[in-house]
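Please look through the structure shown here, with attention to how its interior is packed, where space is left open, and how its cysteines are placed.

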Amino acid sequence: MTDASGYAVRLAAVRTLTRVMEGRSLSVALSAATAQHERRDAALLSQLCYTTLRYWFSLNALLNKLMARPLKERDRDIQVLLLTGLCQLHHTRIPPHAAVDTSVRVARLLKKKWACGLVNAVLRKSMDSSGLLHQLQGDAAIGSELPLWLYQRLAASWRGQLDSLVQGMNDQGPMTLRVNTAFVSRATYAHQLEEAGIETTLCKLSPCGLQLKTATNVEELPGFLQGHVSVQDEAAQLAAMLMNCQPGERVLDACAAPGGKSCHLLESTSNLDLTAVELDPERLPRIQENLDRLRQQARVVQGDASCPADWWDGNKYDRILVDAPCSATGVIRRHPDIKLLRRAEDIQALGCLQQGMLDAVWPLLKPGGRLLYATCSVLPEENSDQVERFLAAHQDAEEQQVNMACKTPDTKHGLQLFPVSGQHDGFFYACLNKKE
């Protein structure tokens with residue numbers, strides 16, 4: 001990496017994270033940024049963004065201790081620059097002199113020459129402050145690397161399991177594959193990966209899941225373009241098993257993008273008549289791309305699950321999947337921008353949205369049919385509490401208990417999975433059957 005590319009990468013990281021602070025999603029901002037860099041530089045750019053967000057709260061607490069006075073709102077980019085510099089010094093193997101020198105240079109590239117001395121002084125001072133950072137991380141709330149409101153909610157709901165939950169939310173999630181058993185068995189595909197020099201272990205919960213020891217580019221996966229395998233977390237793979245579709249059934253995926261669960265349903269059961277509904281028109285093409293790669297067919301519809309009258313054809317479904325919009329707190333380790341973008345007041349609004357969807361699609365289910373309610377959240381307000389409300393409001397609904405071959409948190413309703421270090425993400429499922 002040349003000096004010029006090193007400066008450019010760090011400048012891009014600062015601009016990307018500044019956009020996140022302003023409300024842009026990391027995936028959108030980073031996609032635009034990495035497209036302008038060579039592969040190696042793009043990898044460093046992603047690492048800087050993800051790692052800085054992962055340790056945002058302890059780094060910000062350290063920065064506040066090192067600064068004589070806080071920066072002004074208009075200098076948010078300098079705050080981000082200092083945080084990325086601190087991240088390089090304390091959470092990467094980048095040489096300290098390179099982290100400091102490039103950060104000073106980026107201050108100039110941001111056209112804030114006045115900040116060069118400040119950046120140099122703060123970062124050099126922090127090199128002698130590792131003990132202070134360790135002390136700050138010893139504070140439970142700061143060390144959780146979560147916004148205070150979220151930490152407090154987790155502490156109230158899961159006090160006995162708080163430490164392991166927080167660790168799982170912050171450890172980097174593994175890359176997990178879903179083998180398309182319509183084409184190849186899991187054992188055969190695991191052997192193909194071994195021959196390609198890619199080490200794997202068998203997932204314990206999903207019968208078609210393989211976890212990679214080291215993440216790799218999908219282009220290097222045997223048969224990826226031919227639809228033999230997809231990237232999907234193990235917990236997300238459970239949806240198809242819990243839906244328990246039968247050949248020829250009529251199925252609705254009410255919140256389908258990007259299409260992973262729809263495709264898994266089609267892979268798992270032959271001759272399904274599946275409708276994939278998605279509200280966001282910009283995400284519809286992704287569903288079709290996945291269907292095409294996996295050689296599957298479904299009816300892809302742009303529509304709001306809360307307003308079926310706009311898209312429903314009047315014929316009821318045997319199975320309905322409601323993978324509802326949620327806080328995404330169960331996948332925060334894969335999307336650390338959630339730490340900055342999600343607000344406490346969002347949870348109530350999301351709860352109302354989830355309730356509206358469940359109430360709206362329930363009449364579309366045949367008697368004897370099953371609705372699977374799913375979220376990637378670890379908050380009871382979105383999960384077990386939501387199911388309790390639904391069951392009280394719908395006398396024709398009954399819950400079918402879900403048992404897994406692993407220890408799971410006790411909940412009044414549904415199956416709650418926490419994100420586990422080195423294993424699956426956080427997910428919630430509840431099977432709701434309509435009485436005959």
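The paragraphs below take up the nonpolar cores, then the cysteines, and then a pocket.

The model is a predicted one, and its interior is a suitable place to begin. In soluble globular proteins, nonpolar side chains tend to be buried together. Here the largest nonpolar core has 53 residues, and the members that touch the most other members are L150, L154, L265, L372 and Y429. Helix 13, which spans residues 234–243, gives this core its largest share, namely seven residues. Apart from this core lies another, of 46 residues, which includes V14, L17, C49 and L340.

L372 shows how one of these well-connected members is surrounded. When residues up to four places away in sequence are not counted, L372 touches A239, L242 and M243, as well as I320, L321 and V322, and also Y429, A430 and C431. Of these partners, Y429 is itself listed with L372 among the members of the largest core that touch the most others.

A second buried position can be followed in helix 1, residues 3–21, where T16 lies. T16 has a relative accessible area of 0% and therefore counts as buried, since the limit for that term is under 20%. Leaving aside neighbours within four places in sequence, T16 is in contact with L26, A29, L30, A33 and C49, and C49 is also one of the residues of the 46-residue core.

How many disulfides does the structure hold? The number is zero, and two cysteines illustrate the distances involved. The closest cysteine sulfur to that of C255 belongs to C326 and is 10 Å away, which is too far for a bond because a disulfide would need the two sulfur atoms within 2.5 Å. C431, likewise in no disulfide, has its nearest cysteine sulfur, that of C245, at 11 Å. Both cysteines count as buried, C255 with a relative accessible area of 12% and C431 with 2% relative accessibility.

The last step turns from packed regions to open space. Rolling a probe the size of a water molecule over the atoms shows where empty space is left. The second largest pocket contains about 460 Å³ of space, and its lining consists of 24 residues, with K407, F418, V420, Q423 and H424 lying nearest its centre. At least two lining residues come from each of helix 11 (162–170), strand 2 (200–202) and strand 11 (415–417). Sorted by class, the lining of this pocket comprises 11 nonpolar, 10 polar and three charged residues.

Technical notes. Residues numbered from 1 in each chain as written. Predicted model: local features only at pLDDT ≥ 70, side-chain atom pairs only at ≥ 80, totals over all residues. Heavy atoms only, no water. 1 Å grid on protein atoms, 1.4 Å probe; cavity = no way out; pocket = protein on both sides within 12 Å on 5 of 7 lines; lining within 4 Å. Points joined across faces, edges and corners; volume = space filled by probe spheres on them. Helix = DSSP H or I, 4+ residues; strand = E, 2+ residues; numbered from the N terminus. Nonpolar A, V, L, I, M, F, W, Y, C, P; charged D, E, K, R; others polar. Buried < 20%, exposed > 50% of the residue type's maximum accessible area, 1.4 Å probe, protein only. Contact = heavy atoms within 4.5 Å. Core = buried A, V, L, I, M, F, W, Y, C linked by side-chain atoms within 4.5 Å.
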